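Let's take a walk through the cysteines of this model, with a short stop at one of its sheets. Have the structure open as you read.

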Amino acid sequence: MPMSEAIGTPTPSITLLNPKIVNITASSETLFDDIYLRCEVQGNPSPNVWWTKNGSYIQGYNIEFQDNNRTLIITRAVSDDVGTYYCHARNNVYYVNASFVLYLTYPPNTVIYTSNGYYVELYNGEKGVGIRCFGAGYPNVRVTWKRNGVEILEFSNSSLNTRVYQERLKLGLTSAESDLSFKEFYCNDTGIYTCETSRDGSDSVATKSIELKCNSSSSTQSTQSTRWPPTTFVPTPTPTVPWPPASLYVMPDNPTVVENSSIVLSCDCGCSIRPHWLKNNQLIRYDGSGSPYTLLANGSLRINASRWINTTGNYSCEIRTFFWRVRSKQVKLEIWYLDDCYVTGGQEIYRGQNISLTCHGNGVPYPTFRWYLGGQQLKTNSRIRIQGNQLNIFNATLNDDGKYKCGAFNQIGKVWDGVNVTVKDIPSIGISSSASKYTLEGKTIRFICQGEDRSFLPIQKIELVKDGVPFYQRLVKVQSSFWYYTTQWYSARQNDAGKYQCKVTIGAASRYSSPFYLIIG
């Protein structure tokens with residue numbers, strides 16, 4: 001035998017490597033983007049990976065993990081998601097971590113409109129003319145007014161009021177609102193007025209302009225009713241104008257859908273902004289393989305109802321802009337279904353025993369159950385009790401023999417199942433005696449009660465009855481071919497004469513043997 005075969009093939013050695021975090025990258029650092037933080041990890045054995053932020057475990061409605069926790073997904077990132085993220089890696093060799101500071105920015109955005117009907121041709125000397133500008137961005141926006149390209153600092157005929165809102169609705173954007181108003185508007189105030197929005201750390205500027213023209217005809221009444229028809233209109237503000245909808249709700253408000261069909265939920269806000277959809281306060285993703293959700297072109301959500309993918313839950317929609325976020329109330333979606341039912345408890349019993357059947361079924365809405373025997377619906381009475389999906393019949397008679405059917409019913413329809421129940425009569429019992437019908441006083445007498453049914457019967461007791469009154473009783477004795485019991489007494493007396501029978505009891509039913517008449521002489 002070769003030496004190598006005698007020693008055996010050596011087991012390859014396993015090289016253990018400390019975990020190593022090679023790199024952490026972010027797919028984006030723009031507010032409201034879906035941001036993928038990826039932690040590239042090496043090591044042998046493959047390390048376990050987890051994330052923390054600012055020293056705490058990461059959780060939230062917009063957080064998801066993929067690739068064995070190596071990828072952290074932040075859906076529609078907001079300012080609260082800014083911070084220091086730590087990727088942790090551990091195997092049975094060592095533990096390491098590395099940090100990544102996530103900054104978020106958002107390009108400036110500007111909306112401008114006039115406060116008095118969106119006219120841009122004004123009367124000479126008109127009072128109360130104003131222009132409002134909204135700007136937003138992240139971080140730290142500034143709003144600047146210019147007239148014909150020159151920054152407006154201050155002049156006698158205008159007042160400049162600027163208000164800055166930090167972290168509006170916790171979206172993270174800084175919103176600046178600025179009003180440029182004129183005590184009186186004169187023709188020498190005409191020009192192109194521009195609102196510029198900029199943010200810290202960036203050269204990016206968003207601008208909106210409006211041209212104010214003057215009608216040289218003076219007017220002592222500056223009212224809407226005396227104006228000339230305008231030559232130009234300022235466009236109605238886009239859906240990003242910072243006014244949240246007066247109401248936001250999901251329709252239908254009490255949705256139900258039959259399993260394996262679809263339902264469409266609409267988000268009604270009276271605006272043209274496409275909504276985000278949430279289930280149980282978690283943002284719905286539409287790009288997963290086999291996803292039951294489809295976002296339609298009008299912003300509605302189509303759901304392919306399935307219990308197995310678990311589309312039952314509380315749904316809401318949310319409208320987001322760079323100024324605000326509004327979420328609707330939740331509506332609960334129920335999936336209606338009806339499973340097949342089946343009955344347990346079918347059996348063979350003896351007269352006097354109880355029948356107990358259970359109809360197993362499930363559905364939404366939960367089904368009601370009905371029981372039938374011989375085509376007739378069973379109702380609760382002194383001997384029949386129906387509770388939910390259970391049927392109990394006490395002290396069964398031979399008329400209770402047959403096929404029992406259960407029907408489960410709900411708004412979907414009905415399903416059926418049945419089971420046979422056989423009710424057998426109590427087997428016959430015989431009586432015999434060691435004495436003859438005519439027995440002398442003082443003799444020993446022994447009675448034997450015996451049944452010839454070879455099966456073990458659920459007999460509760462056997463009694464020796466004299467003239468209809470229990471005379472002696474005991475538990476049954478069982479042998480391989482019959483069941484029996486015996487009783488005997490000594491020195492028969494005159495008052496022992498009478499009619500003797502054996503009585504067998506099963507449940508609430510009994511059966512008697514033929515009588516044995518004993519005469520004592």
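What follows covers the disulfides, one unpaired cysteine and an open sheet.

A quick word on ground rules: this is a predicted model, where local features need pLDDT of at least 70, side-chain atom pairs count only at pLDDT 80 or more, and totals for chains, interfaces and linings use all residues. Residues are numbered from 1 along each chain as its sequence is written, and side-chain values use heavy atoms, with hydrogens and water left out.

**Disulfides**

The structure holds six disulfides, a disulfide being a pair of cysteine sulfur atoms within 2.5 Å. Including the following:

| Disulfide | S to S | Torsion about S-S |
|---|---|---|
| Cys39 to Cys87 | 2.0 Å | about -90 degrees |
| Cys187 to Cys214 | 2.0 Å | about -55 degrees |
| Cys359 to Cys406 | 2.0 Å | about -90 degrees |

Take the bond between Cys39 and Cys87: its torsion is about -90 degrees, so the disulfide is left-handed. Cys39 sits in strand 2 (residues 35–44) and Cys87 in strand 7 (residues 83–90), so parts 48 residues apart in sequence get tied together. Strands here are DSSP runs of E, at least two residues, numbered from the N terminus. Cys39 is buried at a relative accessible area of 4%, and Cys87 is buried too, at 0%. Buried means under 20% relative accessible area, exposed over 50%, and partly exposed in between (1.4 Å probe, protein chains only).

With a torsion of about -55 degrees, the Cys187 and Cys214 disulfide is left-handed. Cys187 belongs to the loop between strand 15 (174–185) and strand 16 (191–199), while Cys214 is in strand 17 (residues 205–218), so the pair links parts 27 residues apart in sequence. Cys187 is partly exposed, at 27%.

The Cys359 and Cys406 disulfide is left-handed. It ties strand 30 (residues 355–360), home of Cys359, to strand 36 (residues 402–410), home of Cys406, across 47 residues of sequence. Both Cys359 and Cys406 are buried.

What about Cys341? Its sulfur is 4.1 Å from the closest cysteine sulfur, in Cys359, which is too far for a bond. Cys341 is buried, with a relative accessible area of 6%.

**The open sheet**

Strand 36 turns up again here: five strands form an open sheet in the order 29-37-36-32-33, with mixed pairing. Strand 29 (348–350) and strand 33 (376–377) are at the edges with a single partner strand each, so one side of each has no neighbour in the sheet. Two strands pair if DSSP finds at least two bridges between them. Strand 32 (residues 368–373) runs antiparallel to strand 33, joined by two bridges, and Tyr372 stands opposite Gln377 of strand 33.

Definitions and conventions:
Helix = DSSP H or I, 4+ residues; strand = E, 2+ residues; numbered from the N terminus.
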